[in-house]
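User: I would like to understand how the terms used for a protein model follow from its numbers. Could we go through some of them slowly?

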Amino acid sequence: MTKKEKEPEKHIEQALEFILKTKKSQFQRRDFKNVDALVELGIAKLINKELELYEFETNAPLLTKALYGLSVQKMGQLPIDIPNAFQKLDEFEEVLKKEQGIAPNVIGSYSTFLRGLKGYVLFQLEQKGVDVGGFFEGLMKNKGQRENQLFLFEDSFFRFLPNSRYPAPRIFALCKLAMVYVFKRI
């Protein structure tokens with residue numbers, strides 16, 4: 001690999017290192033030597049020009065792929081089913097917290113980034129033949145289970161949908177199913 005080809009990897013690693021150490025989704029220009037490269041890679045976006053404040057794109061494919069690689073490195077391959085894969089990602093968060101000296105009872109340390117990662121994992125599972133949409137539909141039909149299991153799954157599912165291979169009518173039907181449930185509760 002040439003030096004130029006390795007540059008994006010270097011920027012991604014620096015972003016990941018910053019995230020793991022600070023647990024922050026926002027940063028200032030002074031925090032990185034080449035913020036413009038992060039923006040070009042789709043990893044960050046400018047949110048306040050005056051303050052030179054940027055925010056990581058938690059659904060950015062390059063960032064979630066790097067986080068996925070780190071999870072596999074630390075936890076091994078993820079199971080090929082949604083509940084167990086998500087359980088292992090929750091364990092991954094606990095490992096990260098322990099490595100950074102964060103108490104286990106502290107909630108939300110890396111949750112912003114793990115939501116993006118979970119969307120990416122759903123995409124990976126779909127690529128391996130898991131019926132992610134069918135899983136979602138099953139949870140929607142079983143109302144008691146939905147309350148427990150779907151609490152955070154919906155967010156990950158909707159992060160996954162734009163990257164899925166589902167045709168537009170299927171995506172619309174899945175979104176409609178979710179909306180019907182929401183309006184029944186109101």
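User: Which residue takes a positive phi just after α5?

Analyst: Just after α5, the residue with a positive phi is Gly 129, at about 95°. This is a predicted model, in which local features need pLDDT of at least 70 and side-chain atom pairs count only at pLDDT 80 or more, while totals for chains, interfaces and linings use all residues. Residues are numbered from 1 along each chain as its sequence is written, and side-chain values use heavy atoms, leaving out hydrogens and water.

User: How do you know that the span of helix α5 agrees with what is expected?

Analyst: Helices are DSSP runs of H or I with at least four residues, and strands are runs of E with at least two, numbered from the N terminus. The expected span is 1.5 Å times one less than the number of residues, so the 17 residues of α5 (residues 111-127) should span 24 Å, and because the end C-alpha atoms are 24 Å apart, the two agree.

User: What makes α5 mostly covered?

Analyst: Buried means under 20% relative accessible area, exposed means over 50%, and partly exposed lies in between (1.4 Å probe, protein chains only). In α5, 12 of the 17 residues are buried, among them Phe 113, Leu 117 and Tyr 120.

User: Why is Asn 48 called partly exposed?

Analyst: Asn 48, which lies in strand β2 (residues 44-48), has a relative accessible area of 27%, so Asn 48 is called partly exposed.
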